[in-house]
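Welcome! Below are some short exercises to work through with the model at hand, each followed by a worked solution. Take your time and try each task before reading on.

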Amino acid sequence: MVRAAVLTAVNAPLEITEIDLPKPGPGQVRVKLTAAGVCHSDLSLSNGTLRQQAPAVLGHEGAGVVSAVGAGVTSVATGDRVVLNWAPSCGNCHFCALDEPWLCAHAGAAADTPYATLAADSTALYPGLGTAAFAEETVVPAHAVLPLPDGVPLVDAALLGCAVLTGYGAVFHAAKVVEGESVVVFGVGGVGLAVLQCARIAGAGPLIAVDISPEKEELARAAGATDFLIAGDDTGKRVRALTEGYGADVAIECVGRADTIRAAWTSTRRGGRTTVVGIGGKDQQVTFSALELFYFGRTLSGCVYGNSDPVRDLPAIAEHVRAGRLDLSALVTDRIGLEGIPAAFDAMLAGRGGRALIVF
């Protein structure tokens with residue numbers, strides 16, 4: 001049996017209990033988790049902002065060691081260190097054929113199939129985002145694990161599964177930040193901190209961080225921010241004051257709220273680019289006038305998983321880690337057990353801290 005944090009129903013508190021995991025079937029892999037990050041997407045799944053069948057084991061940002069493989073698996077072997085990939089691409093759908101694996105039509109298929117049962121009564125459990133990382137062990141399709149490159153600490157490697165791949169891709173693929181461009185980042189949580197580090201690596205400057213919490217300034221500056229602003233009605237005006245009166249070349253929004261998306265767009269220069277990374281609810285409606293869309297000539301675009309191809313991007317990110325350019329541990333403000341997940345959710349709701357990391 002395996003200990004796990006179980007969401008019994010949407011909006012219900014998580015229950016730490018024991019589950020029964022089957023042996024990996026054909027094409028599957030069993031992974032003993034070393035660490036798992038608590039992401040805002042997990043909170044959104046738990047409260048119904050994102051669709052989640054229940055009961056379920058959430059958690060999608062994780063790393064660990066392969067403990068068993070099913071028939072036909074050749075990509076990894078027992079003992080391999082791996083990172084979970086919650087959005088594995090099929091390689092065959094329309095979007096994969098367009099070389100856009102982050103939009104794969106089948107990436108979420110595993111989430112809709114029960115993968116384990118409650119030990120107490122054999123109730124079927126669904127895997128959150130197909131990975132179910134809020135547990136000591138999980139069983140996933142073989143293409144949902146990525147071999148971890150050498151030189152990356154296994155505990156910190158959990159962050160590669162979402163926050164860092166998303167942040168890296170948002171900077172280099174979605175926003176396409178180049179050296180010398182000014183960048184403003186809205187939201188200094190786990191993903192925002194990864195975005196700041198990656199924008200620094202890209203050579204951005206000035207690099208401005210915006211958040212509602214003054215306590216985030218130290219984290220933001222350690223990640224590379226040259227300036228820190230408390231969010232307010234005049235955020236756009238203050239960003240322009242830091243960018244020679246023009247506004248930032250690029251804004252990256254990591255919150256998923258209508259007001260921050262609008263503020264990010266307003267903070268950019270004429271012809272500027274805004275990339276929305278944060279996941280908001282259907283009730284978050286953003287409004288623009290036709291005249292301002294014409295006059296400012298700005299670009300607003302969404303970003304799924306950083307528009308990343310994890311198979312391609314993970315080795316590149318690992319090289320930044322080995323070279324000391326990317327500090328994974330700097331994203332983590334709390335190291336917790338499974339029992340600490342509810343408090344981590346509360347901290348996210350209150351805008352406190354960076355990433356909480358479950359260490360098994």
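**Exercise 1. Strand pairing**

Task: Work out in which sense S5 and strand S6 (residues 81–84) pair, and over how many bridges.

Solution: Begin with the pair itself: S5 and S6 are antiparallel and share 3 bridges. Then pick out one bridge, where Val65 has Arg81 in S6 as its partner. Now turn to another partner of S5: strand S3 (residues 28–38) runs antiparallel to S5 (residues 61–69), and 8 bridges join them. To find a place in that pairing, look for Ala35, which stands opposite Ala63 in S5. Keep in mind throughout that this is a predicted model.

**Exercise 2. Two helices that meet**

Task: Find how helix H3 (residues 163–174) is placed relative to helix H9 (residues 310–322).

Solution: Step one is the geometry: the two helices pack at an angle of about 95°, and their axes are 11 Å apart. Step two is to name the arrangement: angles from 65 to 115 degrees count as roughly perpendicular, so H3 is roughly perpendicular to H9. Step three is to list who meets whom. From H3 come Val164, Leu165, Tyr168 and His173, and from H9 come Pro310, Arg312, Asp313, Leu314, Ala316, Ile317 and His320. Step four is to sort these contact residues by character, which gives 7 nonpolar, 2 polar and 2 charged.

**Exercise 3. How covered is H3?**

Task: Decide how many of the residues in H3 are buried, and which elements they pack against.

Solution: Count first: 11 of the 12 residues are buried, so H3 is mostly covered. Among the buried ones are Ala163, Gly167, Val171 and Ala174. Next, look at the surroundings: the buried residues of H3 pack against S5, H4, S14, strand S15 (268–276), H9 and strand S18 (355–359). Finally, step just past the end of the helix, where Lys176 takes a positive phi of about 55°.

**Exercise 4. Inside the largest core**

Task: Identify which residues touch the most other members of the largest nonpolar core.

Solution: This core holds 61 residues, and Leu160, Leu196 and Ile252 touch the most other members. The elements that give two or more residues to it include H3, helix H4 (190–202), strand S14 (248–253) and H9. H4 gives the most, with 8 residues. To look more closely at Leu196, set aside neighbours within four places in sequence: its contacts are then Val185, Val188, Leu207, Ala209, Ala220, Ala223 and Ala225. There is also a second, separate core of 45 residues, including Leu7, Ala56, Leu125 and Ile336.

**Exercise 5. Buried or partly exposed?**

Task: Place Thr275 and His40 in the right class, buried or partly exposed.

Solution: Start with Thr275, in strand S15. Its relative accessible area is 1%, and buried means under 20%, so Thr275 is buried. Beyond four places in sequence, Thr275 is in contact with Ala174, Ala175, Ala251, Ile252, Glu253, Ser301 and Cys303.

Move on to His40, which lies in helix H1 (residues 40–46). Its relative accessible area of 36% makes His40 partly exposed. Apart from residues up to four places away in sequence, His40 touches Met348 and Arg355. As a last step, compare chain and space: His40 and Gly25 are 15 residues apart along the chain, and their C-alpha atoms are separated by 31 Å.

Notes
Residues are numbered from 1 along each chain as its sequence is written. This is a predicted model: local features need pLDDT of at least 70, side-chain atom pairs count only at pLDDT 80 or more; totals for chains, interfaces and linings use all residues. Side-chain values use heavy atoms; hydrogens and water are left out. Axes are lines fitted to C-alpha atoms, for helices over the stretch in contact, and angles run from 0 to 180 degrees between N-to-C directions. Helices (H or I, at least four residues) and strands (E, at least two) are DSSP runs, numbered from the N terminus. Angles under 35 degrees count as roughly parallel, over 145 as roughly antiparallel, 65 to 115 as roughly perpendicular and the rest as oblique. Contact means heavy atoms within 4.5 Å. Ala, Val, Leu, Ile, Met, Phe, Trp, Tyr, Cys and Pro count as nonpolar, Asp, Glu, Lys and Arg as charged, and the others, Gly among them, as polar. Two strands pair if DSSP finds at least two bridges between them. A nonpolar core is a set of buried Ala, Val, Leu, Ile, Met, Phe, Trp, Tyr and Cys residues joined through side-chain atoms within 4.5 Å. Buried means under 20% relative accessible area, exposed over 50%, partly exposed in between (1.4 Å probe, protein chains only).
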